[in-house]
Structure formats: C-alpha cells, structure tokens
Amino acid sequence: MDRIVDLDEAAVVLTERTAGWTSAGLEVGRATWRDASAPWPQPLETDRIRVHDPDSIGVTLSGPAEAWLSVVLFRGGWADVDFIVDLDHAGCLPASEITSASDFGARMDRWVTHTFGSPGSIQ
C-alpha cells in the first residue's frame, strides 16, 4: 500500500481536536492502530509503540441521542467513515483521495459536523 498520509501526523490531528470535541459533549475513544507487518488477523492496538508498520488509525466518537461516528484512516489515502445520527439517518460517507494529515483534519471536521451538528449545538 502506498504511503500517502503520514498516520503519526494524522494522530496529532486527532489529538489536537479531542479537547474541543470533549468540551462540546462528545465521547472520544482511544485511537486504534493496525500494523501491516502483523500476522493475520491483524489486531488493533491502542499503544502506538506496539505497531511497527502502521497502515491504519481509527477513532470513534459518540454523542447525544446515541449519535456515533467511526473513522478508520488508511495510509493509502482513503478512510472508512460510518455514522449514525438517528434511526433515520445513518450510513457511510465518501472518503477517498485524502492527500495529507491536514486534509484528513478538514474532512474530520466536516464528518463530525455532519454527524453531531455544529460544535455549539452538540451538548
């Protein structure tokens, strides 16, 4: 898999946003890492030190009324993005051609707003 997005930089993007998300009333799960060099099935690790060749980083956020967002970013420049706003509004969001950690951060902001609303409306 090509290394388009630096996952350690993406982790910094997530860390920078966590305080704002939690102050807005969201619960942020621990980041999970997958090691490309680990034997199948590759376990998810929460300790970056245990991952020698990261090929993905994931995070989940949950909020009011059981709203939920799961994002797994792959170093190849795409993400699996699943969300639940309510029983009538759930699904996957398009997430391809991510070019950098800053691009990922901008998209995370949009995905969080899509799922939970604007930061002032979350609580």
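The exercises below, each with a worked solution, concern the predicted model shown above.

**Exercise 1. Fold and overall dimensions**

Task: State how many helices and strands the protein has, give their order, and test the chain against the globule rule.

Solution:
- Step 1. The count is two helices and seven strands.
- Step 2. Read from the N terminus, the order is α-β-β-β-β-β-β-β-α.
- Step 3. For 123 residues, a compact globule would have a radius of gyration near 14 Å. The protein has 14 Å, so the value agrees with the rule.
- Step 4. Along the principal axes, the C-alpha atoms fill a box of roughly 40 × 25 × 25 Å.

**Exercise 2. Burial, contacts, surface and charge**

Task: Give the buried share of the residues, the share of contacts that join residues at least 24 apart, the accessible surface, and the charge count.

Solution:
- Step 1. Of the 123 residues, 41% count as buried.
- Step 2. Take the contacts between residues at least 6 apart in sequence; 49% of these join residues at least 24 apart.
- Step 3. The accessible surface is about 6,800 Å², and carbon and sulfur atoms hold 54% of that area.
- Step 4. There are 9 positive and 19 negative side chains. The centres of the two sets lie 5 Å apart.

**Exercise 3. The salt bridge of Asp-8**

Task: Locate the partners Asp-8 and Arg-48, and explain which parts of the chain the pair ties together.

Solution:
- Step 1. Side chains of opposite charge can pair when their charged atoms come close.
- Step 2. Between Asp-8 and Arg-48 the N to O distance is 2.8 Å. The cut-off for a salt bridge is 4 Å, so the pair qualifies.
- Step 3. Asp-8 belongs to helix 1 (residues 7–23), while Arg-48 sits in the loop between strand 3 (44–45) and strand 4 (54–62), so the bridge ties together parts that are 40 residues apart in sequence.
- Step 4. Asp-8 has a relative accessible area of 35% and is partly exposed. Arg-48, at 25%, is partly exposed too.

**Exercise 4. Further salt bridges**

Task: For the pairs Arg-75 with Asp-53 and Arg-107 with Asp-103, give the distance, the place in the chain and the burial of the partners.

Solution:
- Step 1. In the pair Arg-75 and Asp-53, the closest N and O atoms are 2.7 Å apart.
- Step 2. Arg-75 lies in the loop between strand 5 (68–74) and strand 6 (78–86), and Asp-53 in the loop between strand 3 and strand 4, so the bridge ties together parts that are 22 residues apart in sequence.
- Step 3. Arg-75 and Asp-53 are both buried.
- Step 4. In the pair Arg-107 and Asp-103, the N to O distance is 3.0 Å.
- Step 5. Arg-107 and Asp-103 are four residues apart in helix 2 (residues 101–116), a separation of about one helical turn.
- Step 6. Relative accessibility is 14% for Arg-107, which counts as buried. Asp-103 counts as buried at 18%.
- Step 7. Shared partners join Arg-3, Asp-53 and Arg-75 into one salt-bridge network. The whole structure holds seven salt bridges.

**Exercise 5. The surroundings of Ser-56 and Arg-107**

Task: List the residues in contact with Ser-56 and with Arg-107, leaving aside neighbours within four places in sequence.

Solution:
- Step 1. Ser-56 is in strand 4. Its relative accessible area is 4%, under the 20% cut-off, so Ser-56 is buried.
- Step 2. The contacts of Ser-56 are Leu-7, Thr-32, Trp-33, Arg-34, Val-72, Leu-73 and Phe-74.
- Step 3. Arg-107 is in helix 2, and its contacts are Ala-95, Ser-96, Glu-97 and Ile-98.

**Exercise 6. Backbone details in loops**

Task: Find the place of the cis peptide bond and describe the positive phi values of Ala-65 and Glu-66.

Solution:
- Step 1. The cis bond joins Trp-40 and Pro-41, with omega about -5°.
- Step 2. Pro-41 lies in the loop between strand 2 (32–35) and strand 3.
- Step 3. Phi is about 55° at Ala-65, which is not a glycine. For Glu-66, also a residue other than glycine, phi is near 65°.
- Step 4. Ala-65 is in the loop between strand 4 and strand 5, and Glu-66 is placed in the loop between strand 4 and strand 5 as well.
- Step 5. Ala-65 is exposed at 70% relative accessibility, and Glu-66 is exposed at 71%.

Note on methods
Residues numbered from 1 in each chain as written. Predicted model: local features only at pLDDT ≥ 70, side-chain atom pairs only at ≥ 80, totals over all residues. Heavy atoms only, no water. Salt bridge = Lys/Arg side-chain N within 4 Å of Asp/Glu carboxyl O. Buried < 20%, exposed > 50% of the residue type's maximum accessible area, 1.4 Å probe, protein only. Rg over C-alpha atoms; globule rule 2.2 N^0.38 Å. Contact = heavy atoms within 4.5 Å. Areas by Shrake-Rupley, 256 points an atom, 1.4 Å probe, with all protein chains shown as cover. Lys, Arg positive; Asp, Glu negative; His and termini not counted. Charge placed at Lys NZ, Arg CZ, Asp CG, Glu CD.
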